[in-house]
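Here is a short note on the packing and the charged pairs in the model below. Please read it alongside the coordinates.

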Amino acid sequence: MTASFRPAGAATRHSSRKGLASTPAPLDGEAPLPGPLDYAGFLQVTLPQQDKPVASHRLGDERVWLKKAGPRHGKARYRALALLAGLFRLEVLKPVPNPGGEAAIAIEARRLRQLAEAGLRVPQVLAQQADGILISDLGESGRSTTVLQERLEQAAAAGPAVLLAVWREGLDAIAHVHAQGCYLSQAFDRNFVQCPDGVIGYIDFEDDPGETLGLAECQTRDWLSYLHSTAMLVHAAAPQQAGGHWHAVLADASDAVRERLAQAARRMRWLRRLPKSRRWGRDTQRVRCAASLLARWYGLNGQVFSAPTRY
């Protein structure tokens, strides 16, 4: 959804656009509005009119995103993850429920402000109320961002070397977050975006793993989430070479994080035996590929199997 907004009684106009995790279309040509923008007023007026949970809008010469509180999420979706966490005795797999509703709005606003204060590239909180939040777009001067998931899929078609170069950008982006003493929420490739200046930005913070997990577990969860979302592409293209990138970046991680990853690799080894048939679903295939990569990169005792390579 897009909109132009003028403070104090000006008319508004709305039309549909893509969701937050998609590359937005270029802004259409409209003259910028004079004077300061009333972000809070725009949020108050537009929120009741927006049907989608997330939509982009045109506000003056800016693209902004409005996220509204949705229904609270049930606990059933987390039972499978909780079962795996108990089965493998892996704290990092402990489910972090997304509360939905107004609680998710409050969490996202808080986390965005915290990460911004740490110097990380995240959307700016422009306005907030209990049932909605208005945030900035990470694009610049009408130039769009590109979701890392899309870049990886395009890179895979260009060959293993190109794929690994883009995949490494995601690894480096996670390492940058951790170097600031922070962690993400859902470190999947769909939640990383390349900004017009080439910097990787981060989106989607409706839950906070830090409310139930320690820092080392949260950071380990980031690595495993990214690996899970990209494992099928990496496993099919260059599994051994990817191990060199993995260990090179993780050489600067804390001992606690490296120990937990080695533990996860050891306890998840048998998952590489999951069926290869597509009828079991993509999630099963992602888990199988991630377990296969970890088994290749770590020894039976959780020791590094693929020697670190500096790039």
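1. A salt bridge here is a side-chain nitrogen of Lys or Arg within 4 Å of a carboxyl oxygen of Asp or Glu. The model is a predicted one. Under that criterion, Glu206 and Lys67 form a salt bridge, with their closest N and O atoms 3.2 Å apart. This pair links distant parts of the chain, since Glu206 sits in the loop between β7 (200–202) and α6 (215–237) and Lys67 in strand β2, 139 residues apart.

2. Lys67 also meets Glu108 in a salt bridge through their side chains, at 2.8 Å from N to O. Lys67 lies in strand β2 (residues 62–68) and Glu108 in helix α3 (residues 101–117), so the pair ties together parts that are 41 residues apart in sequence.

3. How buried or exposed are the residues around Lys67? Lys67 is buried, because its relative accessible area is 4%, under the 20% limit. Glu108 counts as buried too, at 3% relative accessibility. Glu206, by contrast, is partly exposed, with a relative accessible area of 23%.

4. The side chains of Glu169 and Arg151 form another salt bridge, 2.8 Å from N to O. Glu169 belongs to helix α5 and Arg151 to helix α4 (residues 148–158), and this pair links distant parts of the chain, 18 residues apart. Glu169 is partly exposed at 27% relative accessible area, whereas Arg151 is buried at 14%.

5. Arg110, Arg111, Asp208 and Glu211 are joined into one network by salt bridges that share partners. The count for the model comes to 10 salt bridges. As general background, side chains of opposite charge can pair when their charged atoms come close.

6. Turning to the nonpolar packing, the largest nonpolar core has 56 residues. Those with the most contacts inside this core are Trp167, Phe192, Tyr202, Trp223, Trp246 and Tyr298. Helix α5 (residues 160–179) gives the most to the core, with 8 residues.

7. Which residues does Trp167 touch, not counting residues up to four places away in sequence? Its contacts are Leu152, Tyr226, Leu227, Thr230, Val234, Ala242, His245, Trp246 and Trp297. Trp246 is thus a contact of Trp167 and is also listed with Trp167 among the residues with the most contacts inside the largest core.

8. A second core, separate from the largest one, has 10 residues. Leu43, Leu47, Leu59 and Leu134 are among them. In soluble globular proteins, nonpolar side chains tend to be buried together.

Note on methods: Residues numbered from 1 in each chain as written. Predicted model: local features only at pLDDT ≥ 70, side-chain atom pairs only at ≥ 80, totals over all residues. Heavy atoms only, no water. Core = buried A, V, L, I, M, F, W, Y, C linked by side-chain atoms within 4.5 Å. Buried < 20%, exposed > 50% of the residue type's maximum accessible area, 1.4 Å probe, protein only. Helix = DSSP H or I, 4+ residues; strand = E, 2+ residues; numbered from the N terminus. Contact = heavy atoms within 4.5 Å.
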